[in-house]
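User: Hi! Could you walk me through this structure in plain words?
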Amino acid sequence: MNQDIFVVVEHLRGQVADISYIMLAAARDLAQATGGEVVGVLLGHNAQDLANDLAADRLLYSDHPALAEFTSDAYQQALAGLLTAQAPRAVFFGSTSIGSDISGVLSARLGLPLVSSCIRVADGNLISQICGGKIMAESALSNETTLITMIPGGYKPAQGQTETSPAITTFEVNIEAPRVSLKQYIEPEAADVDISSENVLIAVGRGIQTEDNLELAEELAGLLGGVVCASRPVVDQGWLPTSRMVGKSGKSVKPKLYLALGISGAPEHVEGMTDAEMIVAINMDPDAPIFDIAKYGAEIDLFDLIDPLLEALEEA
Amino acid sequence: MPERVNYWGIPHNWGAPELYVYTIMFLAAFVMLFRFYRQASLWWKIGQPEARWDKLHLRLGRLIQYAIVQTKVLRQRYPGVMHVAIAWSYFVFFLGTALATIHDHFFEFLFGNTLIVYKFTLDAFTIVFLVGAGMAIYRRYVQKPRRLTLEPGFTGSLTLITLIVLGGLFTESLRLAVEQPAWAWSSPAGWGLAQLWIATGASDAALTSWHLGIWVFHLLIVALTLITLPVGTLMHALTGPLNAFFSKLNHPFGTLSPGKETPTGKPIYVSQLSDLSWKQLLDGDACTECGRCQDACPAFAAGTPLSPKELILSIRDALRSNGSQLVGEAIATEALWACTTCGACIHECPVLIEHLDAIVDMRRYLVIEGDVDAELQDALTNLGRYGNSFGQSERMRAKWAKGIESKIKDAGKEPVEYLWFVGDYAAYSPTLSEITQKTAAVFQQIGLDFGILYKGENHSGNDVRRAGEEGLFEMLVEKNMKALERSEYQTIVTTDPHSYNALKNEYPTNGNGGKPVLHYTELLDQLIASGQLKFIKKLGYKVTYHDPCYLGRYNGVYDAPRRVIEATGCEIIEMPRCRDQAFCCGAGGGRIWMAEGEMSERPSEARIREAVELGNVTDFIVACPKDITMYADAVKTTSNEEYIVVKDLIELVFEALSE
Amino acid sequence: MTNIVVLAKLVPDLVEELEIAESGTALDMEWLRLIINEFDNHATEQAIILKERSGGEVTVIAPEAEGVNEMLYTIAAKGADRLILLKGDFENGVNNHALARAFASAAKELKPDLVLTGVQANDDLDGSVGPLVAEYLGMSYVGYISGVSVSGETAVARKEYPGGLIAEMEVALPAVLGIQAGEEPPRYVAISKVRQMMKTATIDEQEVGDLDASGGPVVQRMYVPEAAERAEMLEGDEEEVAARLVEIFKEAGLV
């Protein structure tokens with residue numbers, strides 16, 4: 001077993017996911033403790049260019065038609081071969097629809113330990129966040145290749161990006177009769193706005209209570225030159241389209257201002273907006289976790305606040 | 001000597017007139033009873049059994065009060081007077097005919113002064129009837145109130161009964177025109193009309209033959225009315241009194257009927273006509289389509305799919321047309337969920353229909369089928385898991401009390417005089433904790449020996465039962481009874497009328513030891529009367545008081561809260577719909593846990609407007625935590641913050657007790 | 001006719017405050033309130049929907065824990081056909097590798113066509129149960145599923161990606177799917193129905209023998225996080241807060 005830290009790069013339809021850069025930043029920390037290198041692992045088909053800004057010391061790339069789009073079976077087979085051959089100290093996967101599909105299977109298949117929900121590396125140990133963010137667990141690397149799944153929040157993607165592309169080595173994979181195949185992608189409904197490119201976002205959560213009250217958020221957005229977005233419960237009710245959803249299953253956003261109205265701050269939502277420049281949270285519950293990541297907060301009923309706020313903004 | 005001539009002016013050459021009269025009448029009565037039986041037998045053939053034969057003397061009393069004296073009909077002045085004018089007249093006519101029959105065949109007594117009184121009474125009521133009929137015609141053709149069903153069938157019935165009376169009046173007047181007895185004045189109506197005939201100068205023979213003609217006509221119209229009665233709108237004359245007789249005898253609707261069961265104890269969930277009890281089918285047939293329930297219904301006023309009148313008529317229509325599926329077909333599920341269980345419909349119904357039990361029965365079916373909207377589902381799941389609808393831990397129930405200096409006693413651990421059952425909303429809703437704290441402060445200031453159950457308290461289950469989740473209701477009752485049985489106390493006092501109703505009417509009294517349950521306004525009223533509670537200052541506000549449904553209409557507590565308000569030095573200006581006519585805020589029956597749905601105007605907003613229209617009122621006083629929630633919101637959404645503020649009664653008390 | 005197995009477990013209810021056990025490396029189980037894993041609830045619903053749609057049998061397997069019987073009866077009241085309770089040394093918490101091995105050996109005997117389980121659970125520290133079980137059963141795994149249809153030897157699963165993108169994956173059966181959401185939200189079951197099930201339904205108990213926890217993390221310590229920072233809380237009534245907010249927005253150049 002060498003002391004290198006592998007990072008399984010996640011990409012979807014020609015785009016490298018932010019989590020890949022975050023993992024590279026974490027891998028850098030871990031590699032410093034183990035004394036090895038940060039090695040990116042890229043699987044795909046005609047996908048070399050995706051490696052361009054990955055902050056890895058080197059990159060292992062395998063090109064195979066069966067790897068063109070992510071499917072759990074093919075990717076898992078490809079990595080099984082690689083990990084058995086290479087035996088790195090640790091391997092990072094995203095705690096995502098891609099990484100979670102393969103990390104567990106590989107752990108069971110190769111008999112390697114797995115630590116999940118890792119948010120950052122501290123002194124060569126892995127800090128994981130579980131139970132809705134209420135509990136942290138610190139785990140050490142085990143004596144065998146340790147598989148790790150990572151959640152965002154501990155590093156910024158910029159920390160895993162570089163201008164100098166890493167050196168690429170290709171490797172072969174053997175993929176036999178995959179039992180999972182991609183039939184098609186189904187796009188979400190055409191988005192009227194792309195919330196990830198907005199400067200100001202007014203986010204509504206359960207606290208907005210009814211669909212009619214969205215009007216108030218829209219007014220506020222209008223006055224601030226922004227757009228309304230929402231946490232999952234609001235989208236599940238059908239009050240806003242999925243294109244407006246912020247969070248783990250929605251979009252990740254980095255606006256200048258994220259005004260959260262009636263949002264408690266559950267980890268799945270926070271994942272999507274933790275990089276906002278300024279977070280202002282309005283919530284009646286003083287214990288709401290959103291106040292732990294917000295810059296400003298007010299423990300006040302959003303319905304009491306809206307009218308005075310609209311007035312004050314109009315006068316300004 | 002005033003005396004009565006039997007069958008005056010009716011020829012005997014074709015045999016005794018009695019023969020014709022009684023044959024026709026018996027035939028008509030037979031047909032009527034036969035048809036009625038055929039209709040009525042559907043109730044017990046299709047419907048489930050239900051025991052309603054207890055306390056016959058009380059039932060008889062109900063029949064007299066509601067079917068004869070008709071106190072409920074009289075709650076509205078114009079239609080009340082109109083209807084008793086018609087109905088009482090008919091009672092008198094019926095009695096008169098019966099007395100005449102007795103006189104004719106058994107025992108002669110209608111002569112002399114007796115006859116004079118008899119004739120005068122009958123004539124007086126003839127005039128009363130005609131006034132009533134006139135009012136009815138005006139109502140149906142000019143006033144045309146929305147709640148009535150304006151269909152030809154009703155006009156037909158009105159026509160028949162009017163023709164009967166006119167027939168009687170005409171025959172009498174024609175006889176008087178011929179006989180012109182000395183005591184003709186004792187029949188003022190008939191004698192008055194007789195002048196008309198006398199003035200025509202027609203011969204006695206002519207008048208007598210007109211008399212005969214109209215007399216025959218009168219006989220036939222009566223027969224026709226009897227024959228058509230069971231299939232027309234006059235059926236309520238039979239089913240109404242029956243419905244009053246078989247109405248629920250326990251405390252006015254504070255206790256819901258339990259779920260139905262088969263003889264072997266298997267539960268019956270009501271989705272089809274045959275799942276209803278015979279009494280509920282009778283409810284359908286008793287409906288007079290008067291629409292008073294609809295007028296009083298907050299859900300109907302808000303534009304939801306619910307009309308209590310239409311709901312009952314759906315039952316009737318299904319009964320008449322052999323329909324069977326009610327839930328989802330004859331009755332929309334949205335309509336069933338729209339009910340706030342305020343009880344106004346039952347309170348207004350002149351024939352004592354029990355709309356609520358039918359609605360809750362059908363809700364029980366929907367709950368068993370899992371046909372429950374997502375928000376209600378969340379609330380019920382939270383109630384089942386945490387004992388409160390907010391989804392918060394039981395340990396947080398007394399969080400509102402944290403800041404209070406002298407710690408409130410735990411009634412589960414030490415004996416108290418008053419066990420204060422706080423209620424979900426007062427305990428968990430962040431907007432209400434200040435009011436709950438003030439309540440505690442008032443109790444402490446008065447020097448009451450009180451305690452709360454802390455986390456031993458669960459939702460009382462009142463609205464859980466009304467939402468149809470009977471199993472969850474039973475579970476909550478079990479949990480609360482455990483906590484109550486472990487505690488030592490003299491009286492339960494609640495700040496939430498829903499909890500009040502449940503503890504008082506739905507909980508087993510033997511478990512509670514039959515200890516009294518008071519709403520805090522009742523308690524304060526008692527303490528004011530005994531002198532233990534004296535106010536330091538007089539507030540002088542002009543306020544209006546909204547009677548909470550579960551305190552007022554359900555449990556008759558109207559005056560105690562008013563006395564307390566007045567004791568604080570405020571002046572009460574009543575809204576048009578006050579006391580038992582108070583208009584529900586819309587939160588009851590589990591509605592506060594459900595998605596609002598389509599509404600044209602929220603009941604709470606309509607009520608606030610009603611208060612603001614009084615013109616000089618600054619405070620809207622309530623005595624229920626859900627009322628605060630609903631009305632404070634409504635004041636904002638109707639932009640009335642400048643004109644009126646919503647306060648709990650305890651806030652007035654608190655203020656009047658402070659320096 | 002599809003033979004579906006649902007793997008469900010109870011997880012800490014986050015309504016309460018969580019505490020660390022004396023050992024410092026695990027949760028204090030004593031005061032823990034347990035609740036069905038939300039995603040296992042969705043998996044159950046998906047299984048019942050599949051059964052209602054095209055027939056089949058649904059078996060639920062769950063490890064022993066406080067309140068598990070009620071959970072199983074509730075699932076039975078929703079329409080599950082068979083309930084299996086795994087009895088073993090689960091009291092002091094067990095990692096997912098050990099649990100997955102136990103699940104796999106119980107599920108194997110049932111020869112399922114489809115195994116459904118929640119895509120994750122809030123107390124997962126060594127990955128989630130689904131992928132591990134899949135490998136132990138020699139089946140494929142696809143996770144983050146929000147819709148399934150079965151026809152013959154394959155299932156089509158709707159896999160969720162961020163931003164609302166869906167990938168329709170064709171999966172050869174038998175397979176394990178990690179459910180994110182069922183096609184319909186979990187149905188409500190009246191308490192009286194659950195109580196009815198308590199009288200009529202039976203729970204098959206199966207002993208699992210020794211638990212093999214290898215593959216789990218080496219936990220050095222568990223702790224309750226302290227928020228590094230907390231928001232600057234704005235005081236005052238709504239007018240004052242509104243005014244202060246507008247100031248803040250102005251300073252940031254947003255107004």
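User: Why does the radius of gyration of chain A agree with a compact globule?
Analyst: Chain A has 316 residues, and a compact globule with that many would have a radius of gyration near 20 Å; chain A has 21 Å, so the two agree. The radius is taken over C-alpha atoms, and the globule rule is 2.2 Å times the number of residues to the power 0.38. This is a predicted model: local features need pLDDT of at least 70, side-chain atom pairs count only at pLDDT 80 or more, and totals for chains, interfaces and linings use all residues. Residues are numbered from 1 along each chain as its sequence is written, while chains are lettered from A and ligands numbered from 1 in the order in which they are written.

User: What box do its C-alpha atoms fill?
Analyst: Along the principal axes, the C-alpha atoms of chain A fill roughly 65 × 40 × 35 Å.

User: And how many helices and strands does chain A have?
Analyst: Chain A has eight helices and 17 strands. These are DSSP runs numbered from the N terminus: helices (H or I) of at least four residues, strands (E) of at least two.

User: Switching topic: how many residues does the contact take from chain C and chain A?
Analyst: Chain C gives 66 residues and chain A gives 72. Two residues are in contact if their C-beta atoms, placed from the backbone, lie within 7 Å.

User: Which element gives the most on the chain C side?
Analyst: That is H6(C), with 10 residues on the side that touches chain A.
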